[in-house]
Structure formats: structure tokens, C-alpha cells
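Thanks, everyone, for making the time; I would like to walk through a few details of one structure, so please have a look at it before I go on.

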Amino acid sequence: MTPANAGVSPAYRILAIETSCDETAAAVVADGRRILSNRVASQIELHRRFGGVYPEVASRQHVLAIQTVVEGALADASVAHARELDAIAVTHGPGLAGSLLVGVNLAKGLAFASGLPLIPVNHLEGHIYSNWLYPDSAPAAESANSGESGAGGCGTASAAARSQRGGSASEQFPALILIVSGGHTELVLMEGHGRYRLLGATLDDAAGEAFDKVARLLELGYPGGPAIQAAAETGDAFRFALPRPLTRPGPRAARQPDSQASSRPAVLPVRGEHRFNFSFSGLKTAVLNLMRQLEREGTEARQAQTAADIAAAFQMAVVDVLVGKAADAAAEFGVKQVCICGGVSANGLLRRTAEQYFATIGLPLRCPPLFLCTDNAAMIGAAAYFKRPQVSARQGSSEGREPQQASETAARSSLHEQPHARDPLALDVYASLPLVDSVRL
Ligand code: KG4
Ligand code: ZN
């Protein structure tokens, strides 16, 4: 009798660990697409009193949480022992050095003890691959927390349109990637798996950093992104005019509400070398100057309605810049799909505006479900799958290789294309995409 699954190769399962900032996360991902488990221990409450991430507190908290989180992820995925897996993956940068070390050391220990290959993953590459995960493969508890009714898309498309586009990114290259997180804002041309061309990046503050700083100015709370978004819901985005740095006016009417679909972006990039670069520090200063001016005129800038109006104007300015530059880059490079990722990709206005714009020009747009926008380990497991060693550890062992030997071979081959070939797990605290040889500040 032939078993029902005869001829079906077993899934390649990766245990992924992520501790680059203030989330202790572990996940088990099958074939780079299916989330078998996804645990995230957030430290937000711990850092709230500081108004931002306190690095030393973050690394100590990782030490306290990591074992429970990893054991939980293995149990959720019904993995009794790490040896049942095919590889261990870990974020090795960019991030806070003390935080990264906790995850990297645990991953090294697990790989050594189990003989599994260890795959180092760039955190930004992880964010990119959050769009490759099947959104509806998450365990029920995670899906319930996502706050999103459907899979894929960016939150406004009809179910029919979503299923037409598929739930997650596919092998459509070149793809334009907009990474918008707390530490990075980058436009990347992805020419294939692991093949990236950096088109532009922020010259100063990242988009998420700007959200956090403006929220602090307005005393709206931490983290700033969700706080600004919540305040902006009752705000008038047109009461105050704020700049759109490194752009020029676009063809869309200035006061056209975002609810009106338009194939015309509100802004176009500046011409020249900063075409695809960003700058958000001046926008933050413009908010500060506006608040000072209001105070001079006798208006309390932090009064609820005024703060909501400032938040709405700020959010719209950031979104105009992000979508305007992404739209221009997508046209310039003739991409087949656009993927937005990173914490700020959770922003409702960004998702709606991008969705409407790219829908009207007929270009597929992917945004992760909300629970995969901010830091998690599932995305690290997805990225690791696409750079996995070609011979699986399980196959390798059955061919009579010593586990540790297999691990070393795998580590070498998985690092082939990486700059840290000498020391694959060297921390890359300031890394940017594409992975660079030297540290960039
Ligand atoms: O990707 P992430 O979790 O961590 C980094 O890799 O930096 O991104 C965190 C950032 C924070 O700056 C946070 O304020 C921002 O993402 N963020 C948002 C929203 N949710 C999180 N920004 C705007 N709107 C949101 N809804
Ligand atoms: Zn991140």
C-alpha cells in the first residue's frame, strides 16, 4: 500500500530567532511560506516610561524572555526537539548590539548542540520576506490579533481582488520594495531572491523614527506610529500645511482626500541624486516650529483637536512622500510588483493610499498582514529559507556526515553571497541593504 503522502517531500522547517530591538521573537516556518508558530514577547510596556527603547533594558529583557519564547514556538509547532528541524536562523543585524547578541548566542548554541546549519539573516531582508509568508497560515491567536479581516493586500481591496493577486508575494521580479521601519527607510529594487539594489534611503531620520519623535512632541504616547494614526483619525489633515521633503508638487490636487482613488501621486521626487532618497528630520522640525508658532499666537498646540490636526497633517505628509517616491521608482524600473514592509507599513493611511494608487495603475501591491509588519521571527524564517544550504541537515546526516561537519558546510554555503564570509555571525549593527562590506553610519 502506498502511503497518502508518498512522493511528497517533507517540509523544510526552520526555527527562527529575532532579538534585534525590543521584541523577543521565535517562530517555526515551513518552506519559507507557512507559519507553524510565531511567538513575540513585546517589551513595549517596559520602554513606555522612557518614551523609546532603552538598549540596556532591552538586552536584559531578551535574556529573561528568550528561553520561554523559543520553547513556546517549538511547542506550538509540535517540535519536540530541535533535531527534528532543518535549520536555525537568526537576525545578526542591523539592530542593538546587546539585543542581537542574545539571539545570536542562543542560536549558535542550538545549532552547535543539534548539528543544524545556522543561517544568519539581515533584519531588513526579514522585513522584505514578511511579504512572502502566507498570511492565513498563522496560528489562530496571531490571526485574531492582526485586526485585519482578509489575507494579503493592504486592507482595502475586495476579497475578489485579493484572491486574484494571491495572498503573498510571488516570483515576480523585478520587485520594488519600500522598507519603512523604526530604524530604516529604503527603496530597494529586488531583482531575484537575495539580489538587491539599493535605490535610495533616508539621509537622516527613518519614517518610523519621525512618527515616534512627532508623537513625543505632541505627547501622544509610545510607540508613536500607532499613537499618531489614532490621533489623526479625528484630525483635519488640511488645517496645517507641512513640507514634503525631497519632493516637488505632483499632479494630484492638493486637497483631494485619500479616499478618492487616483492614478496621480500627490508629489513627485526631486530631480537629481536625491530622487529616491528620503529626509524626515526637517518635517519633524517643521512640526516643532508649527507648535511654537501656535503657542506664540496663544493656541495650545497639544490641545486634543489641534494635536489631532497636526498628527493628521504630519501623517499625510509622510505618506505622500513614501507613495510618491515608490510610484516614481516603480515606473522607472518597470517592476512587476511593489512590496511595502516594516513597522510603518501597518499605517492605515499608507496602506490605503498605496493600494488605491497601485490598483489604478494595475500593479500588484503587497503589504504584510498587520501582525507581520512589526518585528517578528516568522519573517526571519522566511528570508532564511531562500538562502538555505542546498543539502538539508537531515539528508546530510543520513549520508553519514557528522552533524557538526554538516553544520559548517551549510554555514559556508549559505554565506556565499554575503560579505561576512569570514565570520558569518559578525554583528552588523548598522547594516543597510544590500548587505555592505563596511559598516555604514
Ligand atoms: O519594523 P519595526 O517593528 O522595528 C524596526 O525594525 O525599527 O518598526 C517599528 C516602527 C516604530 O517607529 C513605530 O512607531 C512604527 O514602526 N509603527 C507605525 C505604525 N505601527 C508601528 N508607524 C506608523 N503607523 C503605524 N500604525
Ligand atoms: Zn524591524
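Let me begin with a question: in which strand is E191 found? E191 is found in strand 7, which covers residues 185-192, and I should say at once that this is a predicted model. E191 is partly exposed, because 14 other C-beta atoms lie within 10 Å, a count that falls between the limit of 12 or fewer for exposed residues and that of 20 or more for buried ones. If we leave aside neighbours within four places in sequence, the contacts of E191 are F173, P174 and R197. The C-alpha atoms of E191 and A175 are separated by 6.6 Å, with the two residues 16 apart along the chain.

Now to the helices, starting with helix 3, which takes in residues 97-114, 18 residues in total, and reaches 25 Å from its first C-alpha to its last, close to the 26 Å expected at 1.5 Å a residue. Buried residues of helix 3 include L100, V104, A107 and A111, and after the helix comes G115, whose phi is positive, near 75°.

How, then, does helix 2, residues 55-76, meet helix 3? Their axes come within 8 Å and cross at roughly 25°, and the two helices are therefore roughly parallel to each other, with a crossing that is right-handed. On the helix 2 side the contact is made by P55, E56, A58, S59, H62, V63, I66 and V70, and on the helix 3 side by G98, S99, V102 and L106. Sorted by character, the residues of this contact are 7 nonpolar, 4 polar and 1 charged; of the helix 3 partners, S99, V102 and L106 are buried.

Terms used. Residues numbered from 1 in each chain as written. Chains lettered and ligands numbered in written order. Predicted model: local features only at pLDDT ≥ 70, side-chain atom pairs only at ≥ 80, totals over all residues. Helix = DSSP H or I, 4+ residues; strand = E, 2+ residues; numbered from the N terminus. Expected span 1.5 Å × (residues − 1). Axes fitted to C-alpha atoms, helices over the stretch in contact; angles between N-to-C directions. Parallel < 35°, antiparallel > 145°, perpendicular 65-115°, else oblique. Left-handed = near helix turned anticlockwise from the far one by under 90°. Contact = placed C-beta atoms within 7 Å. Nonpolar A, V, L, I, M, F, W, Y, C, P; charged D, E, K, R; others polar.
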